[in-house]
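These are my notebook entries on a protein chain, written as I looked things up. I wanted to see which charged side chains pair, and how one of the strands sits among its neighbours.

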Amino acid sequence: MIELWWVVGFLLLCYDNGISAQMKYSIPEEAKVGSVVGNIAKDLGIDLTTLKERRFRIVSGSSDVLFQVNQDNGQMYVHKTIDREELCPGNSVCLVNLKIAVENPLEIHYVAVEITDINDHSPSFPGEDQLLEISEHVPVGTRFPIHAARDPDSGINSVRFYKLNTNSDFDIEIRENEDEKIPFLLLKKHLDREQQKEHRLVLTASDGGNPQRSGSLNLIIIVIDTNDNRPIFSKDVYTVNLHENAPRGTLVLKVNATDLDEGSNSEIEYSLSKTLKQKVYDTFILDSISGEIRVKGNVDFEDMEIYRLDVQASDKGQPPWTAECRVIIKIIDVNDNKPDIEVTSLSNVVPEDSKSGTVISLISVTDTDSGVNGKVICTIAGNVPFDLRPSIQENMYSLVTMGRLDRENVSHYDITITASDCGEPPLSTVKTLTVEVSDVNDNRPEFRHNPLELYLVENNVPGSSIFSVNAYDVDLNENAAISYQVVRKDAVQNDITSFLNVNSENGQISALKSFDFETLKTFQFQVVATDSGTPSLSSNVTVNVFILDQNDNPPVILYPVSSNGSAEGVEEIPRNVNAGHLVTKVRAYDADIGYNGWLLFSLQQVTDHSLFGLDRYTGQIRTLRSFTETDEAEHKLVILVKDNGNVSLSATATVIVKLVEPKEAFAASDVKSSAKVDDQDNVTFYLMITLGSVSVLFLVSIIVLIAMQCSKTTDYTSKYLQDTNYDGTLCHSIQYRSGDKRYMLVGPRMSIGSTIVPGSHANTLVLPDRRRASEEVRL
């Protein structure tokens, strides 16, 4: 709604070009755009039809955008929303001055538009909240200024009333200053921060408009503390359990004290009492700010089981208040200590004949842990002839023998004793005891082989060592010191053993005489080995001695033999004999055997090689052809007989062959037949002696070898070989085995087909054997 105010009076000024006049209009703020303020042309008396021609318009002023004129009807209307509080802030009257121009003739008119206020703003405070800090000792009746509300509206639309919400502690008081109302907060009763440290009030400001508008302010009143309360711990006594060996820095406990005051009056510092044991300060540390008690040093249950700490809490007020509490820390044992083994040795040397149950050592076991962590079980590791026997006193044991000891089997024992506690996990300690088993004379001297076989070459040097016996005794020291002696039993044995001597210390056997194979082939004696123990023990060994042949006998010519003993003979044969006629046979004998007794015949000298031939093995002399008239009547043959020894020995025989006419030959044969009877008798006698000796030797060898076969052990018993059929002129052969060797005793003649392998004494034969490619046989 628009009101038009006319101001009576005018000022007429006559100039060449215009007339000046002023009018005033009134319009409320926030009027809608297009609202008519007034008809200026009509009010100025200007012809409406000339408005466009005369360019009727608003020509000046910053507020021209707020209003416009209609050149059709002369009305002025609102062009833009008008906010009085923005356009005229702080003014009680808001006028907008406009200048209206009309041309032809030029006229200037002044128009004032008053913008009237409407209640379009609520009272407002500088902020939503206002914080007030009031000490709890402030006296009643004290006033505190608070923010005043502002309302951009004017007049009755501005702030008119203040109101505080209902409370028992504060009230509002208004002081008017000209047209402004200033509020104050009035304290009605004493404040107690410990009961209520903060008060929240709402102050409401209202204007006088219609409808009424209001705004509010939140009053936050903080009651400032005074140090009128002492700290209080949450508990008088704190009890906590702590495992030993807790790492440094481990949180044990946090004590908590509270102070109803605030600020520095409620800031609490914690400290340990000055009267505690030094161990407490070394083990724990207290944070003065947080009240946390942490591990500082080593926590060992075995050192101390419980700690008692006196803790103080002090505030920072003036003067400060102090409170105390007690902290009890109980240390819980963990299995952190291994058992300890203490050995009291009665003796570390035990005779091997000790009885079962003999006490060797006393074992004491301790564990500084408690409960099951300190309970210990002892055991012996391994299969040893010892045992732990518990005693009446706990954790005490006796180490005793269990079963028979044998130093020769085990002379040294490392007894491993394990002590394990019953903790979780269990801890163990291992200790090793060394026990030596001392020797007693409980073992006889022993020979590695029994019987022993000695193969001795004849013609040994008298006084030199021929053999060595060696016994061993598994005992020690004097119990193992062995002396040797030849056993002399009867007169027959004494005949041989009297020529034997043994070194009592090293068992070297020497012969005081030289042995002859042709006289003695084998004999047997015994050696006794005796230790030096008390009582002494002994054992015997049988030594079978086989005399080995040497080529020490030259061949002996048996035929021909002349009357003076020389090997020379005369044979007469008819001239008319044919080729192949047996002239004679040279017979020879060698007392040696084997190669040494194997004789070969050869023609060393002959007058005519085309007439006579000699069989090298049999000694037979035969004609190679028939005789002629030109052949000489007498022929001389020199026959060399030699053995096959390494250094061969030989003999020669001379045969004179005379060629006679057949009649003379018959007569001569009669004469010679009688002469030959004697020679044949001598030869036969010698052959009987030889064959008898060989037979006796053969029988003795057989008996000895059978006895050896029966007495030998499995590994070293002499074993007879299978008989091998030899064709030839071998009188006899004895084959036997000893260990891994094969031996053969042969008579004066050797078998045909035997292979000779020269040895040191030229008496080694290699015999064919189906079980082994080749084995050596000592003769």
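**Entry 1, a salt-bridge network.** I started with Arg55, Arg57 and Glu103, which are linked in a network of salt bridges. I keep in mind that this is a predicted model. Within the network I looked up the pair of Arg55 and Glu103, whose closest N and O atoms are 3.4 Å apart. Arg55 lies in the loop between α1 (40-44) and β4 (57-60), and Glu103 lies in the loop between β7 (94-102) and β8 (107-116), so this pair ties together parts that are 48 residues apart in sequence. As for cover, I noted that Arg55 counts as partly exposed, at 43% relative accessibility, and that Glu103 is partly exposed too, with a relative accessible area of 21%.

**Entry 2, other salt bridges.** How many salt bridges are there by this rule? The count I found comes to 20. Side chains of opposite charge can pair when their charged atoms come close.

I then turned to Arg404 and Asp442, whose side chains meet in a salt bridge at 3.8 Å, N to O. Arg404 sits in the loop between β30 (396-401) and β31 (412-421), while Asp442 sits in the loop between β32 (428-438) and β33 (446-447), so the pair ties together parts that are 38 residues apart in sequence. Arg404 is exposed, with a relative accessible area of 63%, whereas Asp442 is partly exposed, at 31%.

Next I looked up Arg407 and Glu408, whose side chains meet in a salt bridge at 3.2 Å, N to O. Is Arg407 buried or exposed? I found that Arg407 counts as buried, because its relative accessibility is 8% and buried means under 20%. Its partner Glu408 is partly exposed, with a relative accessible area of 21%.

**Entry 3, strand β40 and its partners.** I moved on to strand β40 (residues 522-531), where 8 of the 10 residues are buried, so this strand is largely enclosed by the rest of the structure. On strand pairing, I noted that β37 (residues 482-487) and β40 pair in the antiparallel sense over 6 bridges, and that Ser483 has Thr530 of β40 as its bridge partner. Strand β41 (residues 538-548) also runs antiparallel to β40, and 9 bridges join the two. Here the bridge partner of Ala529 is Ser539, in β41. I also recorded that a hairpin joins β40 to β41 through 6 residues. In a regular strand the side chains alternate between the two faces of the sheet.

**Entry 4, a nonpolar surface patch.** Which residues form a nonpolar patch on the surface? I found Leu346, Val359 and Leu362, with about 240 Å² of accessible area together. Val359 has its place in strand β27 (residues 359-366), and Val359 is partly exposed, with a relative accessible area of 38%.

**Entry 5, the chain as a whole.** Last, I looked up totals for the protein chain, which has 5 helices and 55 strands. Of its 779 residues, 41% are buried. Among contacts with a separation of 6 or more, 65% are between residues 24 or more positions apart. The accessible surface comes to about 42000 Å², and 51% of that belongs to carbon and sulfur atoms.

How values were computed: Residues numbered from 1 in each chain as written. Predicted model: local features only at pLDDT ≥ 70, side-chain atom pairs only at ≥ 80, totals over all residues. Heavy atoms only, no water. Patch = residues over 30% accessible without salt bridge, like charges linked within 9 Å, V, L, I, M, F, W, Y side chains within 5 Å. Areas by Shrake-Rupley, 256 points an atom, 1.4 Å probe, with all protein chains shown as cover. Helix = DSSP H or I, 4+ residues; strand = E, 2+ residues; numbered from the N terminus. Buried < 20%, exposed > 50% of the residue type's maximum accessible area, 1.4 Å probe, protein only. Pairing = 2+ DSSP bridges. Contact = heavy atoms within 4.5 Å.
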